Amino acid sequence: MARTYRHPGRKKNMIRSELIQKIADENPHLYQRDVERIVNTVFEEVTDAMARGDRVELRGFGAFSVKKRDARVGRNPRTGETVNVEEKHVPFFKTGKLLRDRLNGKA
């Protein structure tokens, strides 16, 4: 697998294929195609649950939910004219205590 150059101090993003590769590398008894199917199924199930309006909680990691944003009158920053912004639903993620503690060096 090709590595990308990482500038010192710059944060790196992990993409889906890197996650799949990491899981496959750590579990040599699994085929990569099976790991890919598992990861894709997990993401699809989370997405489907949120589309139904359900909350998805992964203990220690966090909870995914959907928040409703009411319709409002906004402003075009370029022209200054007012525009009507429709009601919409947006994804929301709240970190779990274990994740929050780990990010803050407490775990």
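The protein chain holds three helices and five strands. The model is predicted. Along the sequence, these elements follow the pattern α-α-β-β-β-β-β-α. The chain has 107 residues, and buried residues make up 16% of them. Contacts across the sequence were also counted. Among those between residues at least 6 apart, 30% join residues at least 24 apart.

Charged side chains were examined next. Side chains of opposite charge can pair when their charged atoms come close. The count comes to nine salt bridges. One of them joins lysine 12 to glutamate 18, with the closest N and O atoms 3.1 Å apart. How accessible is lysine 12? Its relative accessible area is 39%, so lysine 12 is partly exposed. Glutamate 18 has a relative accessible area of 21%. Buried means under 20%, so glutamate 18 is classed as partly exposed.

Another salt bridge links the side chains of lysine 22 and glutamate 26, at 3.0 Å from N to O. Both residues belong to helix H1, which covers residues 16-26. They are four residues apart, and therefore about one helical turn separates them. Lysine 22 reaches 43% relative accessibility and counts as partly exposed. Glutamate 26 reaches 53%. The cut-off for exposed is over 50%, so glutamate 26 falls in the exposed class.

Helix H2 spans residues 32-51 and contains both aspartate 34 and arginine 37. These two residues form a salt bridge, and their closest N and O atoms are 3.3 Å apart. Three residues separate their positions in the sequence, about one turn of the helix. The relative accessible area of aspartate 34 is 23%, which makes this residue partly exposed. Arginine 37, at 51%, is exposed. Salt bridges can also share partners: Arg55, Glu57 and Arg59 are joined in this way into one network.

Helix H2 also takes part in a pocket. The second largest pocket encloses about 170 Å³ of space. Which residues line the second largest pocket? They are Val42, Phe43, Val46, Leu58, Phe61 and Phe64. H2 gives the most to this lining, with three residues. What is the character of the lining? Six of its residues are nonpolar, while none is polar and none is charged.

The strands were considered last. Strand S3 covers residues 72-75, and strand S4 covers residues 82-85. S3 and S4 run antiparallel and are joined by four bridges. In one pairing, glycine 74 has valine 83 in S4 as its bridge partner. The two strands form a hairpin, with six residues between them. In this hairpin, glycine 80 takes a positive phi near 85 degrees. As a general rule, side chains in a regular strand alternate between the two faces of the sheet.

Taken together, the results give three views of the predicted model. The first is of charged pairs, including lysine 22 with glutamate 26 in H1 and aspartate 34 with arginine 37 in H2. The second is of a pocket lined by six nonpolar residues, with H2 giving the most to the lining. The third is of the antiparallel strands S3 and S4, where glycine 80 has a positive phi.

Notes: Residues numbered from 1 in each chain as written. Predicted model: local features only at pLDDT ≥ 70, side-chain atom pairs only at ≥ 80, totals over all residues. Heavy atoms only, no water. Salt bridge = Lys/Arg side-chain N within 4 Å of Asp/Glu carboxyl O. Buried < 20%, exposed > 50% of the residue type's maximum accessible area, 1.4 Å probe, protein only. 1 Å grid on protein atoms, 1.4 Å probe; cavity = no way out; pocket = protein on both sides within 12 Å on 5 of 7 lines; lining within 4 Å. Points joined across faces, edges and corners; volume = space filled by probe spheres on them. Nonpolar A, V, L, I, M, F, W, Y, C, P; charged D, E, K, R; others polar. Pairing = 2+ DSSP bridges. Contact = heavy atoms within 4.5 Å.
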